[in-house]
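This briefing covers the strand order of a sheet and the packing of helices in one protein chain. Please read it alongside the sequence and coordinates.

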Amino acid sequence: MGQLTGKVALVTGGSRGIGAAIARELAGAGADVAITYATAKDHAQSVVEAIEAAGGRALAVQAEATDADALRAVVEGTVSALSRIDILVNNAGIAVYGPLEEVTLEEVDRTLAIHARASFLLAQAAVRHMTEGGRIINIGSSLAERVPYPGWTLYAMSKSALIGLTKGLARDLGPLGITANLVHPGSTDTDMNPAAAPEADEERRYTALNRYCAPADIAATVLHLAGPTGRNITGAAITVDAGTTA
Ligand code: NAP
């Protein structure tokens, strides 16, 4: 028996990077896991197959995070396929950056929709099914705490919205036995931010430990919050950034 045996988790953006690591970690602890993806169906299927090969149960659902109907449908689809939902991880994200004057209105709307609006809507839809308590874990960014280099205003703003979302949810949902927390990754080796890219050296220099995080580092903190060890943590933000914001 794992610490999450009998639980069902929904992880958005579970096809790659941090979300895939979270899905595997929660499944390894015994949870049945639904993951969402935007376009990378093959990657999502690989994550499902890896979880099944390890003896777990998983499914992948296409759900564009800017589409409110798709988000509601993925919650209902998870409940009808896996019977319940106990853990929601709002992880899907994009990195739009560059000179402030070049950011477009479409990029502003899309970034806020994927990071903030989708997380709100998914939480709202999922808590209806968390009848025995639950866990909501939002994936923010160390850039919501400090912005040490230019070009990230929009991204930082969109991730900062998750601070208010998390604290509000903690207050709204505490009486229902549902916790809400925020994990702030720093530079983490994924397709979004490869540790081998030439520009990664600059990000590495901002860390105290002179290294990138691995997706598994973030996933381990999510498991801590999702499992029994996290029962009295709510409204909190935990930063896993190798010391970038130290
Ligand atoms: P990634 O490797 O690029 O993966 C992004 C995931 O989000 C994929 O599963 C992708 O689906 C999904 N996604 C993207 N746009 C979507 C949309 N419009 N609708 C639905 N799903 C969408 O990124 P990552 O590095 O793992 O990042 C995961 C989270 O951590 C993000 O919220 C990111 O902002 C945050 N974060 C990352 C870092 C870092 O250094 N990597 C640092 C701080 C915070 P497809 O595979 O279908 O494209």
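The points below deal with the sheet, its central strands, its edge and two helix contacts.

The model is predicted. Its seven-stranded sheet is open and parallel, in the order β3-β2-β1-β4-β5-β6-β7. Two helix arrangements are described after the sheet: α4 against three of the strands, and α1 against α7.

**Sheet layout**
- Strands β3 (58-62) and β7 (237-240) form the edges, and each of these two strands pairs on one side only.
- From one strand to the next, the twist averages 15°.

**Strand β4 and its neighbours**
- Strand β4 spans residues 87-90.
- On one side of β4 are I87 and V89, on the other L88 and N90; all four are buried, which leaves both faces of the strand covered.
- In a regular strand, side chains alternate between the two faces of the sheet.
- β1 (residues 8-11) pairs with β4 in the parallel sense, over three bridges.
- Within this part of the sheet, L10 stands opposite L88 of β4.
- β5 (134-139) is also a parallel partner of β4, with four bridges between them.
- R135 in β5 is the bridge partner of I87.

**The β7 edge**
- Strand β6 covers residues 178-185 and pairs with β7 in the parallel sense over four bridges.
- V183 has I238 in β7 as its bridge partner.

**Helix α4 over the sheet**
- Helix α4, residues 105-127, lies across β4, β5 and β6.
- Relative to β4, helix α4 runs at about 175°.
- Angles over 145 degrees count as roughly antiparallel, so α4 at about 175° is roughly antiparallel to β4.

**Helices α1 and α7**
- Helix α1 comprises residues 17-28 and helix α7 residues 215-226; their axes come within 8 Å and cross at roughly 45°.
- α1 and α7 are therefore oblique to each other.
- The crossing of these two helices, α1 and α7, is right-handed.
- From α1, the contact involves G17, I18, A21, I22, E25 and L26.
- From α7, it involves P215, A216, I218, A219, A220, V222, L223 and A226.
- Sorted by class, the α1 and α7 contact has 12 nonpolar residues, one polar and one charged.
- Which residue in this contact is the charged one? Glu counts as charged, so it is E25 of α1.

Key:
Residues numbered from 1 in each chain as written. Predicted model: local features only at pLDDT ≥ 70, side-chain atom pairs only at ≥ 80, totals over all residues. Heavy atoms only, no water. Pairing = 2+ DSSP bridges. Axes fitted to C-alpha atoms, helices over the stretch in contact; angles between N-to-C directions. Contact = heavy atoms within 4.5 Å. Parallel < 35°, antiparallel > 145°, perpendicular 65-115°, else oblique. Left-handed = near helix turned anticlockwise from the far one by under 90°. Buried < 20%, exposed > 50% of the residue type's maximum accessible area, 1.4 Å probe, protein only.
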